[in-house]
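Please consider the structure shown below. A visitor will ask about its architecture, and a guide will reply.

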Amino acid sequence: MTAPHPRPGPPLWLLCELTYRCPLHCVFCYNPVDFSRTGMELTTDEWLRVLREARAAGAVQLGLSGGEPLVRDDVETIVAAAHELGFYINLITSGVGLNEARIQALKRAGLDHIQLSFQDSTRQMNDFLSSTRTFELKSKVAALIKKYDYPMVLNVVLHRLNIDHVDEILAMAKSMQADYVELANTQYYGWAFKNREQLLPSRAQLTRAEQVTQRFRQDNAEHMRVFFVVPDYFERRPKACMNGLGSLFLTIAPDGCALPCQAARMLPGLEFPNVRDASIESIWYDSAAFNHFRGDAWMKEPCRSCPEKTKDFGGCRCQAYLLTGDAANTDPVCDLSPHHHLVTEAVARAERPHVTEKPLVFRDHR
Amino acid sequence: MNTISATAKPAIGRGFRLQWEPAQNAHVLLYPEGMIKLNGSAGEIMKRCDGVRTLTEITQDLERAFAVTTGLGDEVAAFIAMALQNKWLEVRS
């Protein structure tokens, strides 16, 4: 008899969401919409224990994100401990709170990499495009990042309201001397799902943005690499989300909740373990929540008998749940899914010239 | 593919880190948000690329370590050229 849940390899990728707190209010944030109701943040000592246990279990890539991780004043301590343990440490920040004293301390502590993410693209993007406040903040932080010998990596989340400005965005990134730019179309979870009707671009917008990006790439190949991530709603096969839940990625939420993906908290019927109650080792290998979506025993048709199930693992569980109400269904992005029309209908609605019936919901406490 | 001079001193590329991972029983090359698991010979070559030793010295050292009298030169040079192209290694001037 084969085991229903194959034993996975180690959790190579550890993402520590140090806090859900953030000075920004992005409409595309994937944090849970009820984030202000989650429990107490882990203390410094608890985070250090998470790092030790995860490293012992084989984790090697570490992401520090949030919220805005720099809202916490112990990031330097956490980085130093992680470096000592042998993690490769990536800080994912909006740059708010990153001054020279902090970047110097982080560098000294052993931080390997910084990803500067762009923020709310309706209010701040206007600022950015008109070279005012936000642009100045990003430029200042970008200069610091370069001064401390990090590659300058800028991540911009694209959507219907800013995707027509890709040329200006790339020009701004160039003037900030970015080495890498990731133009990532919004993924529809959390706040972004709430705002989906207003954020999903039309096919024409998407095509034009890709063409602009391609031209820019050709002209700037030596100085900058640009990645363009298409929104999966426009695809016919789903993404291999997290390489299959519970295979590589381990996220620890601010309150210590252990998740196989940072959005998985929304999945019903799963009791996600907390690092306050259990070790990383037992969470990864033994907990019901992490074993649930391993292998293919959980799959329904058309995935179960599909030869592509080993390639895309049925797509994204959160997307399946959000769109169909059942996390075990095929990700409706797949055109073999009986629910694929839910995606094509959303894309069709995005073809209308204006989508203004609902106001945008800015991420906020509630 | 560009050739590499015998006196070049390759070093691990900026932003990359090489380390031994007991959990994977392999050398891995770490870089922003990614990892390459190296096979045995790639790991042995890469760990000698310290920016101090020349290509010739790296090759000789490998031949000594694995008790091969000669003949690793081409293989080592080809790997290092590939690694340079991928920016896993760099030659600092």
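The exchange that follows treats confidence, sheets, packing, contacts between chains and backbone geometry.

Visitor: What ipTM does the predictor give the complex?
Guide: The model is a predicted one. Its pTM is 0.89. For the complex, the predictor gives an ipTM of 0.85.

Visitor: Which element of chain B has the highest mean pLDDT?
Guide: Chain B averages a pLDDT of 90, and 97% of the residues score at least 70. Among its elements, β4(B) has the lowest mean, 92. The highest mean, 96, belongs to strand β1 (residues 10-12) of chain B.

Visitor: Which strands stand at the edges of the sheet in chain A?
Guide: Chain A contains 14 helices and nine strands. An open sheet of nine strands, with mixed pairing, follows the order β7-β6-β5-β4-β3-β2-β1-β8-β9 in this chain. Each edge strand has a single partner, so one side of it is left without a neighbour in the sheet; these strands are β7 (225-229) and β9 (258-259) of chain A.

Visitor: How many residues of strand β1 of chain A are buried?
Guide: On one side of β1(A), A:W13, A:L15 and A:E17 are buried, and on the other A:L14 and A:C16 are buried, which leaves both faces covered. The strand, residues 13-17, is therefore largely enclosed by the rest of the structure, and its buried residues number five of the five.

Visitor: What is the bridge partner of A:C16 in β8(A)?
Guide: β1(A) is joined to strand β2 (residues 61-65) of chain A by five bridges in a parallel run, and A:C16 has A:L64 as its partner there. β1(A) also pairs with strand β8 (residues 249-252) of chain A, in the parallel sense over four bridges. In β8(A), the partner of A:C16 is A:I252.

Visitor: Which residue of β3(A) stands opposite A:L62?
Guide: β2(A) runs parallel to strand β3 (residues 88-93) of chain A, and four bridges join them. Opposite A:L62 in β3(A) stands A:I89.

Visitor: How many residues does the largest nonpolar core have?
Guide: Buried residues make up 49% of the 366 residues in chain A. Those with the most contacts inside the core include A:C16, A:L64, A:I89 and A:C261. Leaving out residues up to four places away in sequence, A:C261 touches A:C241, A:M242, A:L245, A:F249, A:T251 and A:C318. The core has 120 residues.

Visitor: Is A:N185 buried or exposed?
Guide: A:N185 lies in strand β6 (residues 180-185) of chain A. Beyond its neighbours within four places in sequence, A:N185 is in contact with A:L158, A:H159, A:V229, A:V230 and A:P231. The C-alpha atoms of A:N185 and A:P231 are separated by 5.2 Å, although the two residues are 46 residues apart along the chain. A residue counts as buried at 20 or more other C-beta atoms within 10 Å, and A:N185, with 23, is buried.

Visitor: Which strand gives the most to the side of chain B that touches chain A?
Guide: Ten residues of chain B are in contact with twelve residues of chain A. The chain B side divides into five nonpolar, two polar and three charged residues. β2 and β3 of chain B each supply at least two residues, and the most, three residues, come from β2(B).

Visitor: What is the order of the three strands in the open sheet of chain B?
Guide: β2(B) runs antiparallel to strand β3 (residues 26-31) of chain B, and five bridges join them. One of the pairs is B:E21 with B:A26 in β3(B). β2 (17-21) and β4 (34-37) of chain B stand at the edges, each with a single partner strand. The order is β2-β3-β4.

Visitor: Where is the residue A:P302 found?
Guide: Most peptide bonds are trans. The bond joining A:E301 and A:P302 is cis, with omega about 10 degrees. A:P302 lies in the loop between α11 (288-292) and α12 (309-312) of chain A.

Visitor: Is B:A67 buried or exposed?
Guide: B:A67 is not a glycine, yet has a positive phi of about 50 degrees. Its place is in the loop between α2 (55-65) and α3 (73-85) of chain B. A residue is exposed when 12 or fewer other C-beta atoms lie within 10 Å; B:A67 has 6 such neighbours and counts as exposed.

Technical notes. Residues numbered from 1 in each chain as written. Chains lettered and ligands numbered in written order. Predicted model: local features only at pLDDT ≥ 70, side-chain atom pairs only at ≥ 80, totals over all residues. Pairing = 2+ DSSP bridges. Core = buried A, V, L, I, M, F, W, Y, C linked by C-beta atoms within 7 Å. Contact = placed C-beta atoms within 7 Å. Nonpolar A, V, L, I, M, F, W, Y, C, P; charged D, E, K, R; others polar. pLDDT = per-residue confidence, 0-100.
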